[in-house]
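Visitor: I have just opened my first protein structure and would like to learn how to read it. Could you take me through some features, one at a time?

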Amino acid sequence: MITHALENGYNIDIGFYDFAKAFDSVPHERLKLKLSAYGIKGKILNWISAFLSDRVQRVILGGSASEWTRVLSGVPQGSVLGPLLFVIYINDLLRSLINKVKLFADDTKCINVIKSEQDCINMQTDINKLVEWTDKWLIKFNSEKCKVMHIGKTNPKWTYTITHGSEVQELQETKLEKDLGILLSNDLKWCHQVDSAKNKANKVIGRIKHAFTYLDSHSIKKLYTSLVRPHLEYANTIWNPILKKDI
């Protein structure tokens, strides 16, 4: 989508939006309301309700422990069902938005192809609608972590804002953002991602050298393919280097 727009001479703005304590903020009663609206009823809904209710938590530090406290909101992290329930809860976030929005768990990004000033206005309208949704469903954006990336040599670099009540926060401009584990830069060069993948792989190689006193060719191959290569191959269909220095 981005490369196609650039090839046609357009600019792109990408908004990266971060939910504040996303998995911990989901209100149980509203989640059950949405589950029911999606047709999840009867015993399954009762089972999920029981899964969420009567949970308690405490903090242990060294030999000290806090008092037990009831958990009144949120989906259990580390569970199989938790992320699914969160995705169901935010599934209607995209309704009535003008631009293309991509969701992955609590990562949200809005991609705006700029052909005229109206497209920038439309993106601000989408941001306002996203904020309205968060106010209605009690999951807030962390305004300080919400950013915008301007792509394109003639990009007007429109200023976007997030408004919560009387508080107006400008979206901070970012030139390098980690998106689903890939470092995306506003010049669409992959040197940062190449360096990141190389450094991760080298760290693992260093750990292997320190952890094993004896390595034959068979064990090296097993360790390298299972622990090192995944860092070099993750999503490399996107960032596969073409410059000699990156290769």
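What follows is a conversation about the sheet, one helix, some salt bridges and the surface.

Guide: Happy to help! Keep in mind that this is a predicted model. Let's begin with the sheet.

Visitor: How many strands form the open sheet, and in what order?

Guide: Here is the general idea. Strands of a sheet pair through backbone hydrogen bonds, either parallel or antiparallel. In this structure, 5 strands make up an open sheet, ordered S6-S7-S1-S8-S11, and their pairing is mixed. The edges are S6 and strand S11 (172-173), each of which pairs on one side only.

Visitor: Which strands pair with S7, and in what sense?

Guide: Strand S1 (residues 11-18) pairs with S7 in the antiparallel sense, over 8 bridges. Strand S6 (residues 100-104) is also antiparallel to S7, with 5 bridges. You can look for individual partners too: phenylalanine 16 has lysine 109 of S7 as its bridge partner. From S6, valine 101 lies opposite cysteine 110 in S7, and lysine 100 lies opposite isoleucine 111 in S7.

Visitor: What happens between S6 and S7 in their hairpin?

Guide: The hairpin has 2 residues between the strands, and alanine 105 takes a positive phi there, near 55°.

Visitor: Why is S7 described as largely enclosed?

Guide: Count its buried residues. A residue is called buried when its relative accessible area is under 20%. In strand S7 (residues 107-114), 7 of the 8 residues are buried, so the strand is largely enclosed by the rest of the structure.

Visitor: Now a helix, please. Which residues of helix H4 are buried?

Guide: First, the principle. An α-helix has 3.6 residues a turn, so residues three or four places apart point the same way. Now the case: helix H4 (residues 42-52) has Leu45, Ile48, Ser49 and Leu52 as its buried residues. These cover an arc of only 105° around the axis, which puts them on the same side of H4.

Visitor: What does the buried side of H4 pack against, and which exposed residues are on the face turned away?

Guide: The buried residues of H4 pack against helix H3 (28-37) and helix H5 (81-90). On the face turned away from them you will find the exposed residues Lys43, Asn46, Trp47 and Ala50. Look just past the helix as well: H4 is followed by aspartate 54, which has a positive phi near 55°.

Visitor: How many salt bridges does a search of the whole structure find?

Guide: The search finds 9. To recognise one, look for a side-chain nitrogen of Lys or Arg within 4 Å of a carboxyl oxygen of Asp or Glu. One of them joins lysine 32 to glutamate 29, with the closest N and O atoms 3.0 Å apart. The two residues are 3 apart in helix H3, and so are separated by about one helical turn.

Visitor: Are lysine 32 and glutamate 29 buried or exposed?

Guide: Lysine 32 is buried, at 18% relative accessible area, whereas glutamate 29 is exposed, at 58%.

Visitor: Where does the salt bridge partner of aspartate 54 lie in the chain?

Guide: Aspartate 54 meets arginine 70 in a salt bridge of 3.6 Å, N to O. This pair links distant parts of the chain, 16 residues apart: arginine 70 is in strand S5 (residues 69-70), while aspartate 54 is in the loop between H4 and strand S2 (56-57). Arginine 70 counts as exposed, with 54% relative accessibility, and aspartate 54 is exposed too, with 63%.

Visitor: Which residue does aspartate 135 form a salt bridge with?

Guide: Its partner is lysine 140, and the closest N and O atoms are 2.6 Å apart. Aspartate 135 is partly exposed, at 33%, and lysine 140 is partly exposed, at 38%.

Visitor: Last, the surface and the loops. Which residues form a nonpolar patch?

Guide: The patch consists of Phe104, Leu180 and Tyr234, which together have about 310 Å² of accessible area. Tyrosine 234 sits in the loop between helix H8 (217-233) and helix H9 (236-239), and is partly exposed, at 45%. For a loop residue that is buried, try serine 143, at 10% relative accessibility. Serine 143 lies in the loop between helix H6 (117-137) and strand S8 (147-151). Leaving aside residues up to four places away in sequence, serine 143 touches Ile162, His164 and Gln169.

Notes
Residues numbered from 1 in each chain as written. Predicted model: local features only at pLDDT ≥ 70, side-chain atom pairs only at ≥ 80, totals over all residues. Heavy atoms only, no water. Buried < 20%, exposed > 50% of the residue type's maximum accessible area, 1.4 Å probe, protein only. Helix = DSSP H or I, 4+ residues; strand = E, 2+ residues; numbered from the N terminus. Arc of directions from axis to C-beta. Contact = heavy atoms within 4.5 Å. Patch = residues over 30% accessible without salt bridge, like charges linked within 9 Å, V, L, I, M, F, W, Y side chains within 5 Å. Areas by Shrake-Rupley, 256 points an atom, 1.4 Å probe, with all protein chains shown as cover. Pairing = 2+ DSSP bridges.
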